[in-house]
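Got a minute to walk through a protein model together? Have a look at it first, and then we'll talk.

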Amino acid sequence: MENQTSSLTGEDWFNQKGWSLFDFQKKSWDAVRGEKNGLVNAPTGSGKTYSLLIPMICHPQLIANKNSVGIIWLTPIRALAKEIKQAAERAISEMNLPLTVEIRTGDTSAHRKRQILNQPPNILITTPESLHLFFTYKHYRAFFGHLKYLVVDEWHELLGSKRGVQVELALSRLETISPGLRRWGISATVGNMNEALNVLMGANKGVIITSEIKKAINITSIFPDHIDSLPWAGHLGLHLIEKIIPIIKKSKSTLIFTNTRGQCEIWYQQLLKVCPELAGLIAMHHSSISGELREWVESALQDARLKAVVCTSSLDLGVDFQPVETIIQIGSPKGIARFMQRAGRSGHQPGAVSHIYFVPTHTLELIEASALREAILGGIIEKRIPYQRTFDVLVQYLITLSCGEGFRWSEIAPEIEKTHAFKQISGDDWNQVIEFITTGGAALDAYDEYRKVILDGEIFEIFSKGTANAHRMSIGTIVGENSIQIVLKNGKSLGTIEEYFISRLRIGDVFWFSGRSLELLEFTGTTAKVRPANRKSGKIPSWQGGRMPLSSELASVIRTKLDDYKKQDQVDRELTFLDPLFQLQQFQSHFPSKDEFLIEYIRSPEGFHVMMYPFEGRFVHEGLAALVANKIAEIKPITISMAMNDYGFELLSDQEIPIYEALESDLFAFDDLSRSIEESVNATEMAKRRFRDIAAIAGLVSKGRPGSRIKERHLQSSTRLLFEVYSDYQPDHILLKQAYEEVLYLQLEESRMKEAIRRIQQQKIIFRTPENPTPFSFPIMVDGMRERLSTERLEDRIAKMQLIIE
């Protein structure tokens, strides 16, 4: 029953606005009013925010407890928080409800943060990291004592990440503090919707409410005038920039999505170079730009003051920019759901068609455009696999609780064991976790710096105020390189760049950042002072991080599309355009069907190349390459280097590779595949890299304090040393085991690799020995040469290879 003092009910307000309730909205309102938990599954621009917000703000408990937080609205990105706040304030004002709304994220000023603690808003919009920060404050129980609803927006985005585990843990705590708390999520479609609901609900039951609205997406690929002008390898896509300008000019407003921050910076600069009249009409948006600049871009985009914004995933989710008519995707996003999410930024109204242009960065990427269209039409979507047994996140959470009011193990353990992430935690696991936060574990108990928590009677409390302050700075599960603040002479911050890039510059060097040409004046501690430069040339920063892997679902559709071409069945425009390339592949080697597995053996000035094409994605190919190389080494001990892309992998040696003997000895037969995988890959080295992030999340290493950050190379040395200490003295440590598990299940995708091998075992092996690199092999060979050759030598070698092929 809604509050009788409200001037308008939800239905009255909708009627006044001239809106009609969609069926899924009515079901959601009824479910919220019926005190249920649940998950709303609806496409972008369908009114999913108001499907939950309206009945929640009308609940009597929110009105009765006007000085406390009644609703927490969790969002994975800061840009979405502002939109949710505007939507909530619009409804509250026009419905005449005495409620307040505040945002608390990393961009919120220190003054505003104090105000929120002293005067709690009725609706708190925040991120998983900022929510955990509240647990470090005294009296957080009272702060959240009257909480009625927690809504997780874009739950699908958080689900398959450690941030999703943070959400699970926060819910487990808040449910104890506020009995009767209702959990709700908003999610795009995922391939495992029931599991997504179960993870969010914990031990509770919930309902899934699915929208009847189907989002239409119109996909248009951008083609060059001739196939020869499209590169066979690359990732920037700048060769088609002239084709992009007319699209920008004819659209009211356009979002240009790139896959990396470096690519975003380059595209912004090149657009202005090619079309100077766009100056002042285009902007850039990515996570390293300062919050002030990002907010300006979002506001200008909303007010239709910008013709285009070059962006990254920072504008992926749920943000409703009404003027946006067109989306341009530079390069494949490597996932169906990500592509649909970005397409949905246009036509952001119920029933509107989303228009997206696909700009290939190299020739074969057009296959992915074709596969994305096929997948969307067929309703194929990726699963989001939830994390389990992420002890680094659990350790961080327990230290977080100890910073505030402390915790009793007898109270916290049952809460945590109800979560999906830790429902299988054992007694030995718990012993190690408690031992770790109190002593650092058996391997480190002689060092006081690893004693984070002390037991005072029955309550676990933080070791010291300094430990608490250091921990608050490190809360979160997104681990990146050390960030350096880029500051103008007047003190204005432009954003952050990773330390490794700035450390390579000399005073006086010019670089581009945030759309500006900047000269480095001074670099001390965590700050780099700069001033505007007049030079148009300069280095462009790149950010560390791996390339996005091809999803299993998209890889499967790619194989189907290639088979369609082979059979000449439903050949679309992209595959027709690629026909000369595919004909060349068939002429030089072979174009495989779905029941064939192609292996090429090529000799070049670099050596002997074995090329294989599972079309299963880079991560899987990394493991498969190691497996095959290991089996070949059993026949003939030779040094083999590996390279891979999303379509296949290369084994290269300066000696002849015994591939014939390997095939005769049943190359893809394994008695114990799991063991073979572990023996083949450099699991220890991979685990060391994984352990670096795990150690940072668990608080084993610290990046220092403001103004005195520890250099990245020192952090790497510290984590490697800790890895070796645990390996030697406590090999069964939970964090060490977690590192190896993440290598197998997340990096090498063991289950997916096994499925790929089973598929190959059932395929007919087609073996060819082409005289020159083929269209399939060329991009992989180029990727391998990038690791071995200087830029100048690489460009010369690629040019020579292209001449040979042509």
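What follows is a short chat about this predicted model, moving from the whole chain to single residues.

Reader: I'm a bit lost in all those ribbons. How many helices and strands are there in the chain?
Author: Fair enough, there's plenty to look at. The chain has 806 residues, and its C-alpha trace spans about 80 × 65 × 55 Å along the principal axes. The count comes to 33 helices and 28 strands.

Reader: What is the radius of gyration of the chain?
Author: Start with what the globule rule gives for 806 residues, which is 28 Å. The chain comes close to that, so it is as compact as a globular protein of that length. Its radius of gyration is 27 Å.

Reader: What share of the residues is buried?
Author: Buried here means under 20% relative accessible area. Of the 806 residues in the chain, those that pass make up 58%.

Reader: And what share of the contacts with a separation of 6 or more joins residues 24 or more positions apart?
Author: Take the contacts in the chain with a separation of 6 or more as the whole pool. Within that pool, residues 24 or more positions apart account for 74%.

Reader: Let's zoom in on helix 31. How far apart are its end C-alpha atoms?
Author: Helix 31 covers residues 750-762, so that's 13 residues. At 1.5 Å a residue they should span 18 Å, and the model agrees with that. The ends are 19 Å apart.

Reader: Which elements cover the buried residues of helix 31?
Author: The residues to cover are E750, R752, M753, A756, I757, R759 and I760, which are buried. Their cover includes strand 22 and helices 22, 25, 27 and 30.

Reader: What about helix 13, which residues are buried there?
Author: Helix 13 runs over residues 261-274 and reaches 20 Å from its first C-alpha to its last, close to the 20 Å expected. The cover of its buried residues includes helix 12 and strands 9, 10, 11, 12 and 19. The buried ones are G262, Q263, C264, E265, I266, W267, Y268, Q269 and L271.

Reader: Where is A304, and what is its phi?
Author: A304 sits in the loop between helix 14 and strand 11. Most residues other than glycine have a negative phi. A304 isn't a glycine, yet its phi is positive, at about 65°.

Reader: Is R389 buried or partly exposed?
Author: R389 is in the loop between helix 16 and helix 17, and it also has a positive phi, of about 55°. Buried would need a value under 20%. The relative accessible area of R389 is 22%, so R389 is partly exposed.

Reader: Which residues does S552 touch, leaving out those up to four places away in sequence?
Author: S552 lies in helix 22 and counts as partly exposed at 32% relative accessibility. K383 is 169 residues from S552 in sequence, but their C-alpha atoms are 9.3 Å apart. The residues S552 touches are E616 and R752.

Reader: Last one: how far apart in space are R618 and L748?
Author: R618 is in helix 25, and it is buried, with a relative accessible area of 16%. In sequence, R618 and L748 are 130 residues apart. In space, C-alpha to C-alpha, the distance is 9.2 Å.

Conventions:
Residues numbered from 1 in each chain as written. Predicted model: local features only at pLDDT ≥ 70, side-chain atom pairs only at ≥ 80, totals over all residues. Heavy atoms only, no water. Helix = DSSP H or I, 4+ residues; strand = E, 2+ residues; numbered from the N terminus. Rg over C-alpha atoms; globule rule 2.2 N^0.38 Å. Buried < 20%, exposed > 50% of the residue type's maximum accessible area, 1.4 Å probe, protein only. Contact = heavy atoms within 4.5 Å. Expected span 1.5 Å × (residues − 1).
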